Amino acid sequence: MRLTRMAHALSLVALAGLLAACPCRGGTREIEPVSRVALWRSTSACYVTYSTPTRFERGAYNAVESYALEQDGRIGTVFRYRKDGFEGGLQTMTPTGFVREGTGNAVWGMQFVWPVKAEYIIASLAPDYSDTIVARNRLDYVWIMAGTPTLP
């Protein structure tokens with residue numbers, strides 16, 4: 001079991017590195033989402049252990065994102081972090097996730113500001129949902145998230 005988690009963690013780091021280092025899409029190739037996400041299993045707190053931050057996330061420390069499946073199918077999200085340092089002021093953003101139909105719940109539109117829904121592709125997911133990689137086809141952002149503050 002420990003070897004499997006280590007292999008998965010190494011593959012997460014390798015995939016994140018490739019996504020972050022790639023300067024262009026190179027044709028029409030797109031990021032392949034995982035085949036299926038059980039939303040009820042993914043609605044918990046995730047520590048952001050690595051990211052290429054958006055302009056809103058720059059200077060974020062101790063970032064944690066929590067999800068809650070709402071009755072209408074939307075995903076309520078709370079993103080909390082410390083601004084500009086571990087002792088910085090607590091900041092909170094509350095985007096809403098919208099699952100794209102026909103994607104096995106693995107592709108979302110994440111809405112921070114109406115009407116824009118940013119692409120959110122679950123590109124890798126541990127079998128026990130303990131860690132994940134979220135990316136975008138534009139290869140401009142990537143996030144590694146885990147159920148614990150650090151990965152093994």
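**View 1. The S3–S4 hairpin in the predicted model.** Strands S3 and S4 are joined as a hairpin with six residues between them, in a structure that is a predicted model. Within this turn, Asp-84 adopts a positive phi of about 65 degrees. The pairing of S3 with S4 (residues 90–93) is antiparallel and comprises four bridges. One of the residue pairs here links Arg-80 to its bridge partner in S4, Thr-92.

**View 2. The S2–S3 hairpin.** Five residues lie between S2 and S3, which together form a hairpin. Gly-73, located in the turn, has a positive phi of about 95 degrees. Eight bridges connect S2 (residues 60–69) with S3 (residues 75–83), and the two strands run antiparallel. Ala-68 has Gly-76 of S3 as its bridge partner.

**View 3. Gly-76 and the pairing of S3 with S5.** Strand S5 (residues 96–99) is antiparallel to S3 and is joined to S3 by two bridges. Gly-76, the bridge partner of Ala-68, also has a bridge partner in S5, namely Thr-96.

**View 4. The protein chain as context for the close-ups.** The secondary structure consists of one helix and nine strands, and the helix precedes the strands in the order α-β-β-β-β-β-β-β-β-β from the N terminus. Buried residues make up 41% of the 152 residues in the chain. Of the contacts between residues at least 6 apart in sequence, 47% connect residues at least 24 apart. The exposed area of the chain is about 9,200 Å², with 56% supplied by carbon and sulfur atoms.

Technical notes
Residues numbered from 1 in each chain as written. Predicted model: local features only at pLDDT ≥ 70, side-chain atom pairs only at ≥ 80, totals over all residues. Heavy atoms only, no water. Buried < 20%, exposed > 50% of the residue type's maximum accessible area, 1.4 Å probe, protein only. Contact = heavy atoms within 4.5 Å. Areas by Shrake-Rupley, 256 points an atom, 1.4 Å probe, with all protein chains shown as cover. Pairing = 2+ DSSP bridges.
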